[in-house]
Amino acid sequence: MSQGPRSGLYAVSTALLAMSRHLEVRDVLKTIVASARELLDAQYAALGVPDDHGGFAQFVVDGVSDAQWKAIGPLPRQHGILAAMLHEARPERLADVRTDPRFEGWPAAHPDMSDFLGLPIRDGDEVIGALFLANKNKKDCSTPADGCGFTEDDQELLTILAQHAAIALTNARLYERSRELTIVEERSRLAHELHDAVSQKLFSLRLTAQAAAALVDRDPARAKGELHQVAMLAAEATEELRAAVIELRPAALDEDGLVATLRTQIQVLDRAHSARVTFAGHGVRALPAAQEEAVLRVAQEALHNALRHSGAGRVDVTLEKRGTGTVLRVSDDGSGFEPTATRTAGRHLGLVSMRDRSSGVGGTLSVESAPGKGTTIEMEVPGG
C-alpha cells in the first residue's frame, strides 16, 4: 500500500477503533469522515446520508471551517458525482472532478477541489451513505498533477474503511432506535402506573361528587359529608399521582447518565419536529440522582413548551459547568411571552413545576422572555 503495509494497517486499525467508541449516529459520522481524511492524507472529506427526497438527511464535512461551511449554504442535492455513487453504487476516482461531464459546479464559497475519491457505504444491497475525499496532499509530489492524486492503494484503504463504517453506522442507528423505544416504553409504563394508581380514585371521586350534587337540595347535611369525602379523595389522588411520577425515574438516566440521556432525547425531538433542536454538554460530571432527574424533567418541560407552543424554528439546549454548579439552558427563537402574564397564557403551571423541581434539589430557575423575542429558561444546581 502507498503508506506501507504496516503503517497502512495500523492507520486502518486506529480508525476502526475510533469508530467503535461512539454510539450516536452524528458522532459516528464525524469519526468516519475525520478518520478517512487522516488515513488518506486528504485536504477535504465528507459523508452524506441520503434521504428519500433527493437530498441528504445528514451531511458531515471535515477540513472546512464553520464559517466557510455556513457561507456555502444549503446542503447539496443528490446530483452529479454524488448521485452516481448513491444510485450506481460504485467507486469514483478522478484526477480532476471539474473535468468530469457529470460535474455541475458548486457554490461560490465552496473550496476548489480537483482530485477526487468517492465510495458508497453499503449495508447489504442498501446504499446508506456516500463517503468522499478531495485534494490529496501533494507535499512530496514531483510528478505531474495526474500522478499525484488518489491511487488504487488509497481506494483499497478507503474500501476497507467504508465496509467497517457501514457496520458502525448501522450499529449506531440500532442503538438510537433502541433508545427511542426506551422512551416509548417509559411513556407506556407511566400510563399504566397512572391508571393503576389514580384512575380508580378519580372514578370514586366523580361518583361521590354526583351524589353530593343530588343531595344538595333535599339533604344538605349529607351533601356536606359527601363533599368532604370528595375533598379527601382529591387529596389522595393528588398524592398518588405525585408518588407515581416521582418513582418513575427514567431507565435511561440510570443506565447512561444525564448528558447521554439528554443528548438522545433531543436527537429524537430533532427528528420528530420541524424545528432544529440541538444539544451541547461541556465538562459536566455525574450529579446526585435527584438532581439529574430534576434537570432532565425541567429540560423536558421547557422543550415541550418551546416545540408545542412557541412556534420556534430552533431550540438550543446546553448543559455546562459554571463555577461550583451545573447550568441547564434551553433557548428558543419562538414567539415568546410576558412572564408576568403566564397564568392567562396557560403556561403558569409548567413554570411553577419547573421552579418547584429546581428548588427541591437546592437549585434556582430563571426565565427570560418577551413577546416576539423567544424564551430562555436557565436552571442552576450545585455540584457537577
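These questions and answers walk through a predicted model, from its sheet to its salt bridges.

Residues are numbered from 1 along each chain as its sequence is written. In this predicted model, local features need pLDDT of at least 70, side-chain atom pairs count only at pLDDT 80 or more, totals for chains, interfaces and linings use all residues, and side-chain values use heavy atoms, without hydrogens and water.

Q: In what order do the strands of the open sheet of 5 strands stand?
A: Helices (H or I, at least four residues) and strands (E, at least two) are DSSP runs, numbered from the N terminus. Two strands pair if DSSP finds at least two bridges between them. The pairing in this open sheet is mixed. Its order is S6-S7-S8-S10-S9.

Q: Which strands stand at the edges of this sheet?
A: An edge strand here has a single partner strand, so one side of it is left without a neighbour in the sheet. The two are S6 (276-282) and S9 (364-369).

Q: Over how many bridges do S7 and S8 pair?
A: Strands of a sheet pair through backbone hydrogen bonds, either parallel or antiparallel. S7 covers residues 314-322 and S8 covers residues 325-332. Arg-322 stands opposite Gly-325 in S8. The pairing is antiparallel, over 8 bridges.

Q: At about what angle does H8 run to S10?
A: Axes are lines fitted to C-alpha atoms, for helices over the stretch in contact (heavy atoms within 4.5 Å). Angles run from 0 to 180 degrees between N-to-C directions. H8 lies across S6, S7, S8, S9 and S10. Its angle to S10 is about 180 degrees.

Q: What span should H8 have at 1.5 Å a residue?
A: The expected span is 1.5 Å times one less than the number of residues. H8 has 21 residues, and its end C-alpha atoms are 30 Å apart, which agrees with the expected span of 30 Å.

Q: Which residue meets Arg-297 in a salt bridge?
A: A salt bridge is a side-chain nitrogen of Lys or Arg within 4 Å of a carboxyl oxygen of Asp or Glu. The partner also lies in helix H8 (residues 289-309), 4 residues from Arg-297, about one turn of the helix. An α-helix has 3.6 residues a turn, so residues three or four places apart point the same way. At 3.8 Å, N to O, the partner is Glu-293.

Q: Is Asp-154 buried or exposed?
A: Buried means under 20% relative accessible area, exposed over 50%, partly exposed in between (1.4 Å probe, protein chains only). Asp-154 meets Lys-136 in a salt bridge of 3.4 Å. Lys-136 lies in S5 and Asp-154 in H5, so the pair ties together parts 18 residues apart in sequence. At 2% relative accessibility, Asp-154 is buried.

Q: Which residue forms a salt bridge with Arg-37?
A: Arg-37 is in helix H2 (residues 25-39), and its partner is in strand S2 (residues 56-62), 25 residues apart. Arg-37 is partly exposed, at 26%. The closest N and O atoms are 2.6 Å apart, and the partner is Asp-62.

Q: With which side chain does the side chain of Thr-375 make a polar contact?
A: A polar contact is a pair of N or O atoms within 3.5 Å; within protein, one must be able to donate a hydrogen and the other to accept it, and residues adjacent in sequence count only if both atoms are side-chain atoms. Thr-375 is found in strand S10 (residues 375-382). Thr-375 is buried, at 4% relative accessible area. At 2.8 Å, its partner is Ser-369.
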